[in-house]
Amino acid sequence: METILAATVAVFFAVSIYLMLSKHIIRILLGVAIFSNAVNLTIFTAGRVVREVPPIIPEGLDTPDRITANPLPQALILTAIVISFSIFAFLLVLAFRAYQELGTDDTDGMRVAEPEGEALPPLGY
Amino acid sequence: MAIEPGQAVDLSGAMVLAPATPADWLVVGPVAIPIVTGAILLMVRHETRLHAGLAVAGLLAALLCNIGLLARVLDQGPLVMTMGRWLPPFGISFAADALGASLALVATLVAVVCALFATADIGAVGRRYGFYPFMMLMMAGVGGSFLTGDIFNLYVWFEVFLISSFGLLVLGSQHKQLDGATKYAILNLVGTTLFLTATALLYGTFGTLNMADIARKADGLRENAPLTTLAVLYLLAFGMKAAAFPVNFWLPASYHTPRIVTAALFGGVLTKVGVYALLRTLVMLFPPELELLSGLIAWVAAATMVIGIMGALAQTDLRRVLGFVVISGVGVMLAGLALGTSEGLAGTVFYAFHSMIVMTALYLLAGVMNGLGGSYSLSKLSGLYASNPLVAAFALLLMLAAAGLPPASGLWPKVMLVRASLDSGQPWLAFAILATGFLTTLALGRVFILTIWRPRVVAGPETPASPYLGYVALAVLSLPVVVMGLYPDPVISVAERAASAILDAPAYIGTVFPEGAAQ
Amino acid sequence: MHTLIFRTIAPYLASLMVLFSIFVLLRGHNEPGGGFIGGLIAASAFAIYGIACGVAPVRRALYFHPMAISGFGLLVSALSGGVSLFMDMPFLTGQWTEIDVLGLPVDISTVLFFDIGVYFVVVGSITSIALALEEREHA
């Protein structure tokens, strides 16, 4: 199971890095979304996969009586999903606004903040 | 072990049963007060007149809390509080040592001054779009990052201040801001996602996220576990946050686009959180790996400081000059990390204090100069000495400080770092620090000559903005600059305490896990 | 999306979803559910209402600005975490008490108020993003 998950993580990382190398913002964003999912899957795999034994303490005991599934990775992933979801929502709005205002989603064309061919600073007076 | 229904369960195996002390309030305060203030500010978003007062009051309360926390930490050693009473490593610990508490204090001080400056700089529209709430939430994130003792929680606080900084960056929605914010947001998100990747692998290796627990388990795992990989990933992720050389390009692309007070807060505080996280992970959690990587970090440090300051020499926009000066300062801080000695780390910590205050002050100074001269461009802004000599005085002091010349605060950390590099047999690193100081003098001296001495070349604005609030802000920030420059002993001793706090991991572990409480 | 069927059904659907979101929020302590998922359901209810009837009616129906709602949620969460400090326990320690509602004992805890705070934060922030996007589409 871990091997399959690890291979999936590898594919996710490869796809996301390929997309993030693109010059277009929308592809970079898709890459970032897949990137964060790849990390979530990494956390899931790193927490060891134990199936079908819920982490519930049986009646009358105060510790579980056998190895159970690890609930912590799910809490971590949930946190990470919430964060990446909200940041991704923000980034989508930002990219949409930037596309509307700047008229391009090509990073080579986004030179408003750093204009090309600026005059040199004065050398003296 | 079986328990009968109705029988009292022994909680001592799972919970901290000692009653909370007032010290707990001090650890939570620097984070909880900004969050509560930010929440109230969000609720009264239309009453823009209330915003500035509430924000300044909230930050002052957080500042008092920070002062109390630092005094307590210096007096009695690290302070730990674990959320929800769950025993560490199961509960999330907040652990304030001298490093975190002192950096949190300086960051809050800087934020108070920025909030004061913003009362004139941010109008009703900016307030309605949430300048002050974003600022408070960002400071909560920064404070949380400095104080937390749990590495996943550190990630969460990073995201808290990151997402608030996005809001601050696009406030106003000019074309330039959207452009800068897109690059800032995407690259920083990639950086924090790398941090999360490293944390996922770390969790898979250690099975714990509490930093004290990681530190005490690292030695036993070093034989088989890929700890060097983790250290390299953290170096890359936090290097990106700190704007170290090959991954620094988001900073000059974005820091000159927002309001000047936002730029001041970012330039002062945010990169130092990255440096702090590098110190915390590499020095405290992975010292042998740090030794292995120290050659690489030394090169990164030298490249960051020299290339950063050369970038500053080539700029025409005052704010972009300052952006590159921030980068070069990060290089100087990384030099201490590369050395890894007690004196080098103390130099790094002192430089972080100095850099937070001076970079914020320089950005605010740029704002005052723009208000008086009507431009940030070095080819237009001129003649300020003739019209406002006080600006020239502040500019001279702050530029001396940034260049590391007496009588200002930049001198002593650089002396400490140069001596530490000579002691560790790396004279070239000392040479790089000194050369950076020289180039900073050139870059900022050029700015000084062009904007302040040069007779006015372009007519200024009809009605220059009133500089008096700016003077107050600059005076508040210049005071520690001069005091740290003339009388550095207390700050050096705090920096040394901070350095020994991260070098002495057993003491930190001992506070989080008191003897016999948990195994 | 100005189809008659959708516009007629949307207000009822939205109010049903908000009711369901409160149910999910309150059952969240011992069963699947909770503030976050409840908040998402409520936010999607407002989004559906906005798609069907336009953004202005949603803003009128909400009465408070979405960001103010999420600020309120943040405040409730932070304060419910602080209650335990007054009980000499660390921040965010759950405090429980039982009250009597019409003869039935009901457990009340700071954890519940924390979750209610999360609910408002999620409702406020997601609704404000959704409404901003819908507004732009119509403009």
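**Exercise 1. Packing between chains B and C**

Which hand, left or right, does the crossing of H1(B) and H4(C) have? Work out the geometry of the pair in this predicted model, and then list the residues that make the contact.

*Solution.* Begin with the two axes: helix H1 (residues 22-43) of chain B and helix H4 (residues 66-86) of chain C pack with their axes 7 Å apart, at an angle of about 155°. Because angles over 145 degrees count as roughly antiparallel, H1(B) is roughly antiparallel to H4(C). As to the hand, the crossing of H1(B) and H4(C) is left-handed. Next come the residues, where H1(B) contributes Asp24(B), Trp25(B), Ala32(B), Ile35(B), Val36(B), Ala39(B), Ile40(B), Leu42(B) and Met43(B). From H4(C) the partners are Met67(C), Ala68(C), Ser70(C), Gly71(C), Phe72(C), Leu74(C), Leu75(C), Ala78(C), Gly82(C) and Leu85(C). Sorted by class, the contact of H1(B) with H4(C) holds 15 nonpolar, three polar and one charged residues.

**Exercise 2. A helix pair inside chain B**

Determine how H9(B) and H11(B) are oriented to each other, and say which residues join them.

*Solution.* The axes of helix H9 (residues 227-242) and helix H11 (residues 260-285), both of chain B, come within 7 Å and cross at roughly 165°. With that angle in hand, the two helices H9(B) and H11(B) are therefore roughly antiparallel to each other, and their crossing is left-handed. On the side of H9(B), the contact is made by Ala231(B), Tyr234(B), Leu235(B), Phe238(B), Lys241(B) and Ala242(B). H11(B) answers with residues including Thr271(B), Val273(B), Gly274(B) and Leu278(B). The division by class for H9(B) with H11(B) is 10 nonpolar, three polar and one charged.

**Exercise 3. Backbone exceptions**

Locate the cis peptide bonds at Pro89(B) and Pro407(B), and then the positive phi values of Arg85(B) and Leu102(C); state for each of the latter two whether the residue is buried or exposed.

*Solution.* As background, most residues other than glycine have a negative phi, and most peptide bonds are trans. In chain B, a cis peptide bond joins Pro88(B) and Pro89(B), with omega about 5°; Pro89(B) is placed in the loop between strand S1 (79-82) and strand S2 (93-96) of chain B. The peptide bond from Pro406(B) to Pro407(B) is likewise cis, and its omega is near 10°. Pro407(B) belongs to the loop between helix H16 (389-403) and helix H17 (411-423) of chain B.

Turning to phi, Arg85(B) has a positive value near 70° and sits in the loop between S1 and S2 of chain B. Since 21 other C-beta atoms lie within 10 Å, Arg85(B) is buried. Leu102(C) has a positive phi near 50° and lies in the loop between strand S1 (96-101) and strand S2 (104-109) of chain C. Here there are 5 C-beta neighbours inside 10 Å, so Leu102(C) counts as exposed.

**Exercise 4. The surroundings of Pro406(B)**

Describe where Pro406(B) lies and what it touches.

*Solution.* Pro406(B) is in the loop between H16 and H17 of chain B. Because 12 C-beta neighbours lie inside 10 Å and a residue with 12 or fewer is exposed, Pro406(B) counts as exposed. Leaving aside residues up to four places away in sequence, Pro406(B) touches Leu411(B) and Gly485(B). From C-alpha to C-alpha, Pro406(B) and Glu289(B) are 36 Å apart in space, and 117 residues separate them in sequence.

**Exercise 5. The interface with chain A, and the core**

How many residues of chain B are in contact with chain A, and which element of chain B gives the largest share? Then identify the residues with the most contacts inside the largest nonpolar core.

*Solution.* On the side of chain B there are 37 residues in contact with 36 residues of chain A. Helix H6 (151-170), helix H7 (175-206) and helix H10 (250-254) of chain B are the elements giving two or more residues to that side, and H7(B) supplies the largest share with 18 residues. By class, the side of chain B that touches chain A has 22 nonpolar, 11 polar and four charged residues.

The largest nonpolar core has 279 residues, and Met135(B), Leu365(B) and Leu398(B) have the most contacts inside it. Helix H14 (residues 342-373) of chain B gives the most to this core, namely 20 residues. As a last step, take Leu398(B): not counting residues up to four places away in sequence, Leu398(B) touches Val358(B), Ala361(B), Leu362(B) and Leu365(B).

Notes
Residues numbered from 1 in each chain as written. Chains lettered and ligands numbered in written order. Predicted model: local features only at pLDDT ≥ 70, side-chain atom pairs only at ≥ 80, totals over all residues. Helix = DSSP H or I, 4+ residues; strand = E, 2+ residues; numbered from the N terminus. Buried ≥ 20, exposed ≤ 12 C-beta atoms within 10 Å, placed from the backbone. Contact = placed C-beta atoms within 7 Å. Nonpolar A, V, L, I, M, F, W, Y, C, P; charged D, E, K, R; others polar. Axes fitted to C-alpha atoms, helices over the stretch in contact; angles between N-to-C directions. Parallel < 35°, antiparallel > 145°, perpendicular 65-115°, else oblique. Left-handed = near helix turned anticlockwise from the far one by under 90°. Core = buried A, V, L, I, M, F, W, Y, C linked by C-beta atoms within 7 Å.
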